[in-house]
Amino acid sequence: MKKNLGALITILAGILWGFSGACGQYIFERFPIEPAHLTSIRMLSAGIILCCIGFITDKKNMLGIWKVKTDYIKLIIFAVFGIMASQLTYMTAISYTNSGTATILQYIGPVLVMIASCVMQKRLPTARESFAIFLVIIGTFFIATHGNISNMIINTSGLIWGLLAAVALALYTLIPGNITKQYSSVTITGYGMLLGGIVLAVLSQAWKVQLSSDFRFIAAFAGIVIFGTVLTFTLYLKGITMVGPVTASMLASVEPVSAAAFMIVWLKVPFHYMDLIGFSCILITIFLLTKKERPIE
């Protein structure tokens, strides 16, 4: 019963992540706002909420991380080059393509983590890992060209930003190292969102942006911050405690399926069967790589 409930909670988290991407697409299609501005405001909002939750539930870790210089330096690096980079590249990819395509391209990230693992362990990829690399290449090819090498279907900028989102997701996975084990996830994610949001707000001069007062904008933005960040984060962590990290990561891979579903049903974006082939190829890699994890030494 506990595992079934945990599975449902984790799947719901993945669905809400997909909904968050669709909300981002909805905003870009209807309101004049730059990805950097939307991302910085989203991160600041989510960071403040998560930090408040952290001080209520885990004050010891929220204060303790600032007492160890190496830990808070790593946190700052993670906030900028991990969380901020992944959020910004993902939202920018959505602005150039759509939520479904951006999400699935971001999911190339685990393959990049695997390749980094091979390099750091000074070994060649296993047969399963090599097949995962092959599937990612084939999947990206179908999404970008629909099988015709002379015809680029996807916006070139969107493809580049989608691939950068994959790189950023890999950095998001690799940078934290042991601090995620030493401190609570609320501490790392809350501070990461807040610090990354501050840096991006300064770089993009977000205070100059005049946000729309349209109810549709406010509702979609709330969908990104509340449902797509705070609630999703809470549900996913709870799911991990009930079903374990490997199973949770596999169940949460419903995110790109969810993003594509919301994109098609809600935003009325046409979907080609070649996209489905590409999506499937990349999704299969997640199951291949989580079947037997190899830690980075």
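Phenylalanine 81 lies in helix 4 (residues 69-96); helices here are DSSP runs of H or I with at least four residues, numbered from the N terminus. Together with Ile73 and Ile77, Phe81 makes a nonpolar surface patch of about 270 Å². Patch members have over 30% relative accessible area and no salt bridge, with like charges joined within 9 Å and nonpolar side chains (Val, Leu, Ile, Met, Phe, Trp, Tyr) within 5 Å. Accessible areas come from the Shrake-Rupley method with a 1.4 Å probe, and for residues only the protein chains shown count as cover.

The model is predicted: local features need pLDDT of at least 70 and side-chain atom pairs count only at pLDDT 80 or more, while totals for chains, interfaces and linings use all residues. Residues are numbered from 1 along each chain as its sequence is written, and side-chain values use heavy atoms, with hydrogens and water left out.

**Salt bridges**

A salt bridge is a side-chain nitrogen of Lys or Arg within 4 Å of a carboxyl oxygen of Asp or Glu. By this rule the count is three salt bridges.

| Acid | Base | N to O distance |
|---|---|---|
| Glutamate 29 | Arginine 30 | 3.1 Å |
| Glutamate 129 | Arginine 123 | 2.9 Å |
| Aspartate 214 | Arginine 216 | 2.9 Å |

Accessibility is classed as buried under 20% relative accessible area, exposed over 50%, and partly exposed in between (1.4 Å probe, protein chains only). Glutamate 129 is buried, with a relative accessible area of 6%. Aspartate 214 is partly exposed at 25% relative accessibility, and arginine 216 is partly exposed at 44%. Arginine 30 also counts as partly exposed, at 38%.

**Glutamate 29**

Glutamate 29 sits in helix 1 (residues 2-30) and is partly exposed, with a relative accessible area of 44%. Besides the salt bridge with arginine 30, the side chain of glutamate 29 has a polar contact of 2.9 Å with the side chain of glutamine 25. A polar contact is a pair of N or O atoms within 3.5 Å; within protein, one must be able to donate a hydrogen and the other to accept it, and residues adjacent in sequence count only if both atoms are side-chain atoms.

Leaving aside neighbours within four places in sequence, glutamate 29 is in contact (heavy atoms within 4.5 Å) with Leu267 and Val269. Glutamate 29 and leucine 267 are 238 residues apart in sequence, and their C-alpha atoms are 9.6 Å apart in space.

**Aromatic pairs**

A search of the whole structure finds 12 aromatic pairs. One of them joins phenylalanine 19 and phenylalanine 227 edge-to-face, at 6.4 Å centre to centre with 80° between the planes. This pair links distant parts of the chain, with phenylalanine 19 in helix 1 and phenylalanine 227 in helix 11 (residues 215-243), 208 residues apart. Phenylalanine 19 is partly exposed at 22% relative accessibility, and phenylalanine 227 is partly exposed at 39%.

The rings of phenylalanine 31 and phenylalanine 217 have their centres 5.4 Å apart and their planes at 75°, so this pair is edge-to-face. Phenylalanine 31 is in the loop between helix 1 and helix 2 (35-57) and phenylalanine 217 is in helix 11, 186 residues apart. Both phenylalanine 31 and phenylalanine 217 are buried.

Rings of Phe, Tyr and Trp (its six-membered ring) pair if their centres lie within 6.5 Å; planes under 30 degrees apart count as stacked, over 60 as edge-to-face and the rest as tilted. Ring pairs also link Phe19, Tyr26, Phe227, Phe262 and Trp266 into a cluster.

Key:
Helix = DSSP H or I, 4+ residues; strand = E, 2+ residues; numbered from the N terminus.
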